[in-house]
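Walk through this model with the viewer open. We take the enclosed space, then the open pockets, then the interface.

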Amino acid sequence: MKIPVVQNGSQWEHRIWRVLRDLGAESRLVPNATPFSELADSDGIVLSGGALRIGEGAPAGNCAEYLDRLECPILGICAGQQFIAAHYGGLVKPAKVPEFGRVDLIVREPDGLFDGLPERFTVWASHNDEVVEAKGFRLLASSKDCEWHAFRHERLPRYGTLFHPEVQHTEHGEKIYGNFVKLCKQ
Amino acid sequence: MFDAAKFAESKVSELSALQGEGVIAVSGGVDSTVAALLVLRAVGPRLHCVFVDTGLLRKGEAGQAMENFAALGLSVKKVDASQRFFSALEGVGDPEAKRKIIGEAFIRVFEEEAKASGAQWLAQGTIAPDWLESGSGSRDNIKSHHNVGGLPEKFGLRLVEPLRDLYKDEVRLVGKALGLHEKFYNRQPFPGPGLAVRVLGEVTMEKVALAREACAIVEEELESAASRGECAKPWQYYAALLPVRSVGVQGDKRAYGWTVVVRAVDSGDALTATCSEIPHAVLKRISTRICNELKQSVNRVVFDLTDKPPGTIEWE
């Protein structure tokens, strides 16, 4: 199970690698400038977050090409999620209420990523921007201050969370990555 | 899951390929001690351990570290470089500038030691958060860890970092697998730049002495509270001296002294952390002791309630 982590500059990108490794996946960290051909045989990829401002059109290396050409599941985290939303015609703006640290998450649809998880739990976020419109995506989870905390595409294997399931203080984070690995196996 | 014994075994065999003599920087903490034990197993007496007394260490720390090394069978050379560190830091208030100066001062000491012993490589106990937070490529610099972002661009030694991909919780498991005592592998982290990052702004010997006493009080009180079951022992706990003065009253006289902040957090890997829940009774004991024992200089104590993010564990 090859699931590389594409680095967009997150402080926590190496944690994503660690969680995937602990789940038994074959993972490695790759810069977002990595040519598409080197990732073509992936079973799934994760687009990390980073300080880049997607709402201002930050290009995020070759992430657009990965989304256009890879058929395997792709999970975007934080800025990675925002990039996915923007790539498919959605809108990313400075968050009305930026969230740093503890967030109470409300699961709207226990689909795919949230399979087997409680309806409410604590997650950790660290974001200045948020997705305000996601064309063709289904809402999976929200917080009090931010609607699009997690989504999946209606037709394509594209997933995203604004919060960070890879950090130790997020409850059930490893289970969320476990669910993603399961989606990659299908 | 992470298999510590297997990790130790494969690292030792990988490190056995190291040629010639080498120096390892040991601080007395978990990371560098575990790294030293791994390298020692791989190269034996070709490894030279160096402990630098920066003058920025906690109360009794240098002596305690040397005792611990001896108990572990590590032969360590102690270098007193406190004058060098204080001179280099004179007049510098910016936190990033301070960290870079400290990183460079460390490296210069190690270069001198390497030269003396004919070493070609320098081993360090660098772990993942050190380089993650130091920034590189698309990753923003949060703070320059002295052993990564604080390294000068040019220095004449090859770096060996056996724990580079590990986090603190994993290093502790490796320490346990190597037979270290629980008290040692679970000891709280202490930053490489030492008390220099617990004196906000410019570092002076007087201010470091205040931070040292305040840290010792926080450690004593929290450890004794934990041993009595009043609260759990936090993951990391300390005091820092803030460059803020406020008005107070001591024995019917006006006082105008400095402020000490008490910080205690719970974490596993230092990348995220929550503020620890410390009973008010314990915090009040800490506050009273700091204000009484440092009354010449400190007349106010505050408690930091910030999680990471948005805070970091240390204040600089």
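**Inside chain B, then out to the interface**

Start with the lining of the largest cavity: helix H2 (30–43), strand E2 (47–53), helix H5 (95–117) and helix H6 (128–134) of chain B each give at least two residues to it. H5(B) supplies the largest share, 5 residues. The model is predicted. The structure holds 1 cavity of 30 Å³ or more. About 890 Å³ of space lies in this largest cavity. It has 47 lining residues, and the closest to its centre are Asp31(B), His146(B), Phe190(B), Pro191(B) and Gly192(B). By class, the lining divides into 20 nonpolar, 17 polar and 10 charged residues.

Now turn to the open space. The largest pocket encloses about 720 Å³. Of its 25 lining residues, Arg58(B), Gln64(B), Arg187(B), Glu219(B) and Glu223(B) are the closest to its centre. Helix H3 (61–72), helix H8 (182–185) and helix H9 (205–227) of chain B each supply at least two residues of the lining. H9(B) gives the most, with 6 residues. Here the classes come to 5 nonpolar, 9 polar and 11 charged residues.

The second largest pocket has a volume of about 630 Å³. Its lining counts 27 residues, and those nearest its centre come from two chains: Gln11(A), Ala51(A), Ser126(A), Ile142(B) and Pro309(B). The elements that give two or more residues to this lining are helix H3 (79–87) and E6 of chain A. E6(A) provides the largest share, 4 residues. The lining splits into 10 nonpolar, 12 polar and 5 charged residues.

That brings us to the interface. How many residues of chain A are in contact with chain B? There are 22, and they meet 26 residues of chain B. Between them the chains bury about 2000 Å², 52% of it on carbon and sulfur atoms. Gln11(A), His14(A) and His169(A) supply 31% of the area that chain A buries against chain B, more than any other three residues. Gln11(A) also appeared among the residues nearest the centre of the second largest pocket.

Next, the polar side of the interface. The rule finds 5 salt bridges across it. Arg15(A) forms a salt bridge with Asp269(B), with the closest N and O atoms 2.6 Å apart. There are also 15 residue pairs in polar contact, both residues at pLDDT 80 or more. On the side of chain A that touches chain B, helix H1 (13–22), strand E5 (91–107) and strand E6 (120–133) each give two or more residues. H1(A) gives the most, with 7 residues. By class, that side has 6 nonpolar, 10 polar and 6 charged residues.

How values were computed:
Residues numbered from 1 in each chain as written. Chains lettered and ligands numbered in written order. Predicted model: local features only at pLDDT ≥ 70, side-chain atom pairs only at ≥ 80, totals over all residues. Heavy atoms only, no water. Contact = heavy atoms within 4.5 Å. Buried area = accessible area lost by both parts, 1.4 Å probe. Salt bridge = Lys/Arg side-chain N within 4 Å of Asp/Glu carboxyl O. Polar contact = N/O pair within 3.5 Å; in protein donor to acceptor, adjacent residues only side chain to side chain. Nonpolar A, V, L, I, M, F, W, Y, C, P; charged D, E, K, R; others polar. 1 Å grid on protein atoms, 1.4 Å probe; cavity = no way out; pocket = protein on both sides within 12 Å on 5 of 7 lines; lining within 4 Å. Points joined across faces, edges and corners; volume = space filled by probe spheres on them.
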